[in-house]
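This briefing goes through one protein model with a bound ligand, topic by topic. Please keep the sequence and the structure in view while reading.

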Amino acid sequence: MTLAAYALINLAAVKHNLAKVREYAPNSKIMAVIKANGYGHGLLQIANALQGVDGIAVARVGEAVRLRKAKVKCRITVLEGFVCEPELNALIQYKLDSVVHSMGQLDILEKLSGKTPVSIWLKLDSGMNRLGFTTDQFVSAYQRLEKCPGVKQPISLMTHFSSADDKHSHVTRQQIEIFNKVVDSYPGEKSLANSAGVIAWQEAQSDWVRPGIMLYGVSPFNEYHGVDLGLHPVMSLHARLISVKIIKPGDAVGYSGTWVCNKETRLGVVAIGYGDGYPRTAKSGTPVLVNGKRVPLVGRVSMDMITVDLSSQPESKPGDEVTLWGHGLAIEEIAVAAGTIPYTILCGVTQRVRLENVTAQ
Ligand SMILES: *Cc1c(COP(=O)(O)O)cnc(C)c1O
């Protein structure tokens, strides 16, 4: 037995969720988004579990090169593209596709000889105001790229949604309209939808969809859990009870004594903390599973430990298994209790946590 926290990564669930994406978007190709170490699940393991997918997307050149070096063969797109010639050369050397979103990138591409043309996704800023050419700049950017011998034709076209997780927002409908109007006459393949777009905005599915969070079994919407959408959670995070004690009425627990017990209480200490990626902002009352039963977190989350009220679990003892999220306890619920979103919690799992692959359902 070890006290180290560990995360079980259910690769069968990844395959299930990929199949679900196919059901949601049967007429689109799928570019699986596995940036940030596969949303904290392990880049290479997730890439391998996605075998047969049409393409993969990551944020940075380094992530894409790591995939190629691990013999991942499918189309890989770098969502932030390149910032300098050496990065563009790496993209070409490793046969990686690049998003192109800025004038500076055009200047660099125009210097290419054309020996091995690079595949690009030209990005329209349809309203998010982060990356991409504005509608005013787009046509001239497209025309410049059409003339580049180093750029493979036809150019693919994309945009990204700012508010697709809000089904009632008019912003997404506007973004879809703006994108369609601008790219309508161009022959290249088109892509708009992230996970929320795939599920809530069917008209945005187009040639390629770019699901991220849903592949990990997690809902992109605040009002649903992944299971409500037919998804299976991929990660479950586990640790162990390392101490059980009785504390007296009036005793204050943890840093700053934020939780004071009002009756004699059976208190458990669990070997997990923000040093493992458990969110420090998780409030007293956040559910934790001890031997499969819900108990509330009490007091502050510290670096290596949390404290739980075991009053409802008189049999619990040091060594017992604790689940922080996963099967039976949705990470969406933990995110709400911690005032954050599942994305940040998943990406925040630290290197101290051992990732263990399982393939059983
Ligand atoms: C991260 C990202 C996605 C995936 O978003 P999810 O909400 O995780 O599905 C898709 N497209 C782009 C450009 C992204 O940066």
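Both Y278 and W325 are buried, and these two residues serve as the entry point to the aromatic contacts of this model, which is a predicted one. The rings of Y278 and W325 are stacked, because their centres are 6.4 Å apart and their planes stand at 15°, under the 30 degrees that stacking requires. The pair links distant parts of the chain, with Y278 in the loop between β13 (265–270) and β14 (287–290) and W325 in strand β17 (residues 321–325), 47 residues apart.

**Overall architecture**

- The secondary structure of the protein comes to 11 helices and 18 strands, and its C-alpha atoms fill a box of roughly 75 × 45 × 35 Å along the principal axes.
- Of the 361 residues in the protein, 54% are buried.

**Other aromatic contacts**

- The count of aromatic pairs comes to 7, and one of them is formed by F221 and Y224, which meet edge-to-face with 6.0 Å from centre to centre and 80° between the planes.
- Within this pair, F221 counts as buried because its relative accessibility is 2%, under the 20% limit, whereas Y224 is partly exposed, with a relative accessible area of 29%.
- F221 also has a charged neighbour, since K167 lies over the face of its ring at 5.2 Å from the ring centre.
- Ring pairs link Y39, Y216 and Y343 into a cluster, and two residues of that cluster, Y39 and Y343, are also among those that surround the ligand.

**Ligand site**

- The ligand is surrounded by V33, K35, Y39, L79, H160, N194, S195, R210, P211, G212, I213 and Y343.
- From the side chain of R210, an N or O atom is 3.0 Å from a nitrogen atom of the ligand.
- Backbone atoms take part as well: a polar backbone atom of G212 is 2.8 Å from an oxygen atom of the ligand, and a backbone N or O atom of I213 lies 2.8 Å from an oxygen atom of the ligand.
- Taken alone, the ligand exposes 390 Å², and the protein buries 91% of that area.

**Salt bridges**

- A search of the whole structure finds 16 salt bridges, and the pairs described below are among them.
- K20 forms a salt bridge with E23, in which the closest N and O atoms are 3.1 Å apart; both residues lie in helix α1 (residues 11–24), 3 residues apart, which is about one turn of the helix.
- The two partners are set in contrasting surroundings, since K20 is buried with a relative accessible area of 17%, while E23 counts as exposed at 57% relative accessibility.
- The side chains of D107 and R144 meet in a salt bridge with an N to O distance of 2.7 Å; because D107 lies in helix α6 (residues 103–109) and R144 in helix α7 (residues 135–146), this pair ties together parts that are 37 residues apart in sequence.
- D107 is partly exposed, with a relative accessible area of 40%, and R144 is partly exposed as well, with a relative accessible area of 25%.
- D276 forms a salt bridge with R352, the closest N and O atoms being 2.8 Å apart, and this pair links distant parts of the chain: D276 is in the loop between β13 and β14, and R352 is in the loop between α11 (342–347) and β18 (354–358), 76 residues apart.
- D276 counts as buried at 3% relative accessibility, whereas R352 is partly exposed, with a relative accessible area of 43%.
- The loop between β13 and β14 thus recurs in this account, as it holds Y278 of the stacked ring pair and also D276 of the salt bridge with R352.

**A salt-bridge network and its position**

- Salt bridges that share partners join K29, R75, D97 and E189 into one network.
- Within that network, D97 is found in strand β5 (residues 97–100) and counts as buried, because its relative accessibility of 6% is under the 20% limit.
- To relate this network to the aromatic contacts, D97 and F221 are 124 residues apart in sequence and 29 Å apart in space, C-alpha to C-alpha.

Technical notes: Residues are numbered from 1 along each chain as its sequence is written. This is a predicted model: local features need pLDDT of at least 70, side-chain atom pairs count only at pLDDT 80 or more; totals for chains, interfaces and linings use all residues. Side-chain values use heavy atoms; hydrogens and water are left out. Rings of Phe, Tyr and Trp (its six-membered ring) pair if their centres lie within 6.5 Å; planes under 30 degrees apart count as stacked, over 60 as edge-to-face and the rest as tilted. Buried means under 20% relative accessible area, exposed over 50%, partly exposed in between (1.4 Å probe, protein chains only). Helices (H or I, at least four residues) and strands (E, at least two) are DSSP runs, numbered from the N terminus. A charge sits over a ring if NZ of Lys or CZ of Arg is within 6 Å of the ring centre and within 35 degrees of the ring normal. A residue is near a molecule or strand if one of its heavy atoms lies within 4 Å of it. A polar contact is a pair of N or O atoms within 3.5 Å; within protein, one must be able to donate a hydrogen and the other to accept it, and residues adjacent in sequence count only if both atoms are side-chain atoms. Accessible areas come from the Shrake-Rupley method with a 1.4 Å probe; for residues, only the protein chains shown count as cover. A salt bridge is a side-chain nitrogen of Lys or Arg within 4 Å of a carboxyl oxygen of Asp or Glu.
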